[in-house]
Amino acid sequence: MARETEVLVKNRLKVLRAERDWSQQDLANHLGVSRQTINAIETEKYDPSLPLALKIGKLFGLCVENIFSLDGDDPIGAAAPLPLTSKN
């Protein structure tokens, strides 16, 4: 049986947080999680659940793909966020 390769997820969370001059605790408070969770995501020891990733995207006004990427891939539109569209 072939062993599956581990997929590593990179993120820009620390950069986005620093741009707002937020501490890990500030971000944790905004998201309703612990500071330890934020630290684990930033250091790539933990991948957030899909609901948490969506909540992070909403908080920063970015699509999830602008924050998280597979190892070796740049986040889509890292330099310029994609506009969020709303259904009317």
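From the N terminus on, the elements of the protein chain run β-α-α-α-α-β. They come to 4 helices and 2 strands, where helices (H or I, at least four residues) and strands (E, at least two) are DSSP runs numbered from the N terminus. The model is predicted: local features need pLDDT of at least 70 and side-chain atom pairs count only at pLDDT 80 or more, while totals for chains, interfaces and linings use all residues. Residues are numbered from 1 along each chain as its sequence is written, and side-chain values use heavy atoms, with hydrogens and water left out.

**Exercise 1. Packing of H2 against H3**

Task: State how the axes of H2 and H3 are placed, and which residues make the contact.

Solution.
Step 1. Two packed helices are described by the angle between their axes and the distance between the axes. Axes are lines fitted to C-alpha atoms, for helices over the stretch in contact, and angles run from 0 to 180 degrees between N-to-C directions.
Step 2. The axes of H2 and H3 come within 8 Å and cross at roughly 110 degrees. H2 is therefore roughly perpendicular to H3; the classes are roughly parallel under 35 degrees, roughly antiparallel over 145, roughly perpendicular from 65 to 115, and oblique for the rest.
Step 3. On the H2 side the contact (heavy atoms within 4.5 Å) is made by Gln24, Gln25, Leu27, Ala28 and Leu31, and on the H3 side by Arg35, Ile38, Asn39 and Glu42.
Step 4. By class, this contact has 4 nonpolar, 3 polar and 2 charged residues. Ala, Val, Leu, Ile, Met, Phe, Trp, Tyr, Cys and Pro count as nonpolar, Asp, Glu, Lys and Arg as charged, and the others, Gly among them, as polar.

**Exercise 2. Packing of H2 against H4**

Task: Give the angle and axis distance for H2 and H4, then list the residues that meet.

Solution.
Step 1. H2 and H4 pack at an angle of about 110 degrees, with their axes 10 Å apart. That angle makes H2 roughly perpendicular to H4.
Step 2. Leu27, His30 and Leu31 in H2 meet Leu52, Lys55, Ile56, Leu59 and Phe60 in H4.
Step 3. The class count for this contact is 6 nonpolar, 1 polar and 1 charged residues.

**Exercise 3. The aromatic pair**

Task: Identify the aromatic pair, describe its geometry and locate its two residues.

Solution.
Step 1. The structure holds 1 aromatic pair. Rings of Phe, Tyr and Trp (its six-membered ring) pair if their centres lie within 6.5 Å; planes under 30 degrees apart count as stacked, over 60 as edge-to-face and the rest as tilted.
Step 2. The partners are Trp22 and Phe60, at 5.7 Å centre to centre with 40 degrees between the planes, and the pair is tilted.
Step 3. Trp22 lies in the loop between helix H1 (13-19) and helix H2 (24-31), and Phe60 in helix H4 (residues 50-60); the two are 38 residues apart, and the pair links distant parts of the chain.
Step 4. Trp22 is partly exposed, with a relative accessible area of 21%, whereas Phe60 is buried at 6%. Buried means under 20% relative accessible area, exposed over 50%, and partly exposed in between (1.4 Å probe, protein chains only).

**Exercise 4. The buried side of H3**

Task: Name the buried residues of H3 and the elements that cover them.

Solution.
Step 1. In helix H3 (residues 35-42), the residues Thr37, Ile38, Ala40, Ile41 and Glu42 are buried.
Step 2. Their cover includes strand E1 (9-11), H1, H2, H4 and strand E2 (68-70).
Step 3. Asn11 lies in strand E1 and counts as buried at 17% relative accessibility. Not counting residues up to four places away in sequence, Asn11 touches Ile41, Glu42, Glu44, Ile67 and Phe68.

**Exercise 5. Positive phi outside glycine**

Task: Locate Asp21 and Glu44 and state whether each is exposed, partly exposed or buried.

Solution.
Step 1. Most residues other than glycine have a negative phi.
Step 2. Asp21 has a positive phi of about 60 degrees although it is not a glycine. Asp21 sits in the loop between H1 and H2 and counts as exposed at 70% relative accessibility.
Step 3. Glu44 also has a positive phi of about 60 degrees and is not a glycine. Glu44 is placed in the loop between H3 and H4 and is partly exposed, with a relative accessible area of 32%.
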